[in-house]
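Dear colleague,

I am passing on to you the structure we talked about, and below it you will find a description of what turned up in it. Please keep the sequence and the model open beside this message while you read.

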Amino acid sequence: MGSSLDAPNSPQCPSFAIRDESLNRFLRSVSTKEPSVSDLPYTPSRLQTASLPSSPHHPFAAGDHSPTTAHRCVSSVLKKDGQILSIAVSNGLVYTGSETNVVRVWKLPEFTEYGQLKTRAAMAIALEVSNDKVYAAYADGKIRVWRRSWDGVPRHVRLATIPRAGINVRGYISGKDKMMKHMGAITSMAINITDDILYSASLDRTVKVWRISDHKCIETIQAHTEPVNAIVVADDGVLYTGSDDATVRVWRRNFCSGDRPHSLTVTLPAKNSPVKTLSLTGDGAVLYGGCTDGYIHYWHKGWFSGQLQYGGALQGHTHAVMCLANESNFVLSGSADSTCRLWNREQDGQHKCLAVLQGHRGPVRCVAVFPDRSGRDDGEDGCTICTGSLDGILKVWHVNPKGNAGRCSPQHGCDYKED
């Protein structure tokens, strides 16, 4: 893989951990907004940066108090896949992408391996599952698509590669840049089923809009001045993008605007810290943005579509927040400090840290949270959490908000290795 990264004509490709000095140029957390982080894996500790002013009406939510929620690691798997880069959950199946050319499929609740999706490309950086399709975005700037069927057992059939072979060449000759594939690694995807649209964000600073029905690129958005790390789309079609330029931008789609239907509505500053991840609540009422300074900023939706009001920030992580997920009133964050935090959004809009999940030995790159439907005999309720780390380990946790505090440790028998 190292030779392909160093090839002069290869697309810009991210590196998620420093292994030697020759890979430092691939770091995603380098930004013109803050000092270089070449001496550290991801970002300087938040405790070393200047404190951020809190809103007088929406103070920062402190997350350093001792959580009282019971949580335990119920499964821990180590494959020879290298870093775990992406997770997606759908219909009782968990999909995980890694440095290799294999996307693994796991069955819940027993969390046993159920299949594999293989390609020639490596590094599945982003995964999305929508209805009967699975989308995997790779470091080569392309997206692979599978159709999922349920003939007694789940089956996956490869459908397409986006863009199709040859389209980018014709687009280049005709001068239509929107037809070309990304010139850098794809970092994030989002799906708007209502409008038949797949969005992809890239290190090349653009967001591409693909029509799902025929896999054609219908628009290229020059989204930011720095790499775009995250995108989410609301049910009303509003698109949110987060970037290393330390902003979150809000876009609206106008169907009468010809070739450039997406227009910038507002730019939200993220306190001069690169935005690495975004997450939107199911009702679209709250937008969360995780940054390299360890804070999770959040904005409340206003009366009008695309209108947002700054709510505050969640404190607790000491290094970059690399991933976020939402389920009901739960917010899950994973960080380069090797921990995950589960937050509860309370009725007054404030947040409380319910649990700190410790056990990974490297930065947590991807997370997923969903209701626990395992039908447990012990009567526990709560949520199930999947976490993937750059240490190559995939963990599954059970969190019971009504229980007493607990913690996963190797002595409790939750860690095992599987080749």
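Pro163 sits in the loop that runs between strand S9 (153–162) and helix H2 (167–174), and the peptide bond leading into Pro163 from Ile162 is cis, with an omega near -5°. Please bear in mind, here and throughout, that this is a predicted model. A cis peptide bond also joins Leu108 and Pro109, where omega is about 5°, and Pro109 belongs to the loop between S4 and strand S5 (112–118).

Two asparagines in loops deserve a look as well. Asn91 has a positive phi of about 50°, although it is not a glycine, and you will find Asn91 in the loop between strand S2 (84–90) and S3. Its relative accessible area is 58%, and because exposed means over 50%, Asn91 counts as exposed. Asn131 likewise has a positive phi, of about 55°, without being a glycine, and its place is in the loop between strand S6 (124–130) and strand S7 (133–138). With a relative accessible area of 56%, Asn131 is exposed.

Next come the cavities. How many cavities of 30 Å³ or more does the structure hold? There are three of them, and I would like to take you through the second largest cavity, which contains about 80 Å³ of space. Its lining is made up of Val77, Lys79, Asp81, Ile84, Thr96, Gly97, Ser98, Val102, Arg104, Trp106, Gly392 and Leu394. Sorted by class, this lining has five nonpolar, four polar and three charged residues. Strand S3 (93–98) and strand S4 (102–107) each contribute at least two residues to the lining of the second largest cavity.

One of these lining residues is Thr96, which lies in strand S3. Is Thr96 buried or exposed? Its relative accessibility is 4%, and since buried means under 20%, Thr96 counts as buried. The side chain of Thr96 makes a polar contact, at 3.0 Å, with the side chain of Trp106, and Trp106 is itself listed among the residues that line the second largest cavity.

Arg148, which is placed in strand S8 (residues 143–151), is another residue to look up. At 3% relative accessibility, Arg148 counts as buried. The C-alpha atoms of Arg148 and Val134 are separated by 7.1 Å, while the two residues are 14 residues apart along the chain.

Let me now turn to the sheets, with one piece of background. Strands of a sheet pair through backbone hydrogen bonds, and this pairing can be either parallel or antiparallel.

One open sheet is formed by four strands in the order S10-S11-S12-S13, and the pairing in it is antiparallel. Its edge strands are strand S10 (186–192) and strand S13 (216–222), each of which pairs on one side only. From one strand to the next, the twist averages 20°. Within this sheet, strand S12 (residues 206–211) is joined to S13 by six bridges, and these two strands run antiparallel; if you want to see a facing pair, Val209 stands opposite Glu219 in S13.

An open sheet of four strands is also found in the order S22-S23-S24-S25, again with antiparallel pairing. Which strands stand at the edges there? They are strand S22 (321–327) and strand S25 (351–358), and each has a single partner strand, so one side of each is left without a neighbour in the sheet. The twist from one strand to the next averages 20°. Seven bridges join strand S24 (residues 339–345) to S25, and the two run antiparallel; in this pair, Cys340 stands opposite Leu357 in S25.

Finally, please look at strand S26 (residues 364–371), which is mostly covered, with seven of its eight residues buried. S26 pairs with strand S27 (residues 383–389) in the antiparallel sense, over seven bridges, and Val364 stands opposite Ser389 in S27.

With best wishes

How values were computed: Residues numbered from 1 in each chain as written. Predicted model: local features only at pLDDT ≥ 70, side-chain atom pairs only at ≥ 80, totals over all residues. Heavy atoms only, no water. 1 Å grid on protein atoms, 1.4 Å probe; cavity = no way out; pocket = protein on both sides within 12 Å on 5 of 7 lines; lining within 4 Å. Points joined across faces, edges and corners; volume = space filled by probe spheres on them. Nonpolar A, V, L, I, M, F, W, Y, C, P; charged D, E, K, R; others polar. Pairing = 2+ DSSP bridges. Axes fitted to C-alpha atoms, helices over the stretch in contact; angles between N-to-C directions. Buried < 20%, exposed > 50% of the residue type's maximum accessible area, 1.4 Å probe, protein only. Polar contact = N/O pair within 3.5 Å; in protein donor to acceptor, adjacent residues only side chain to side chain.
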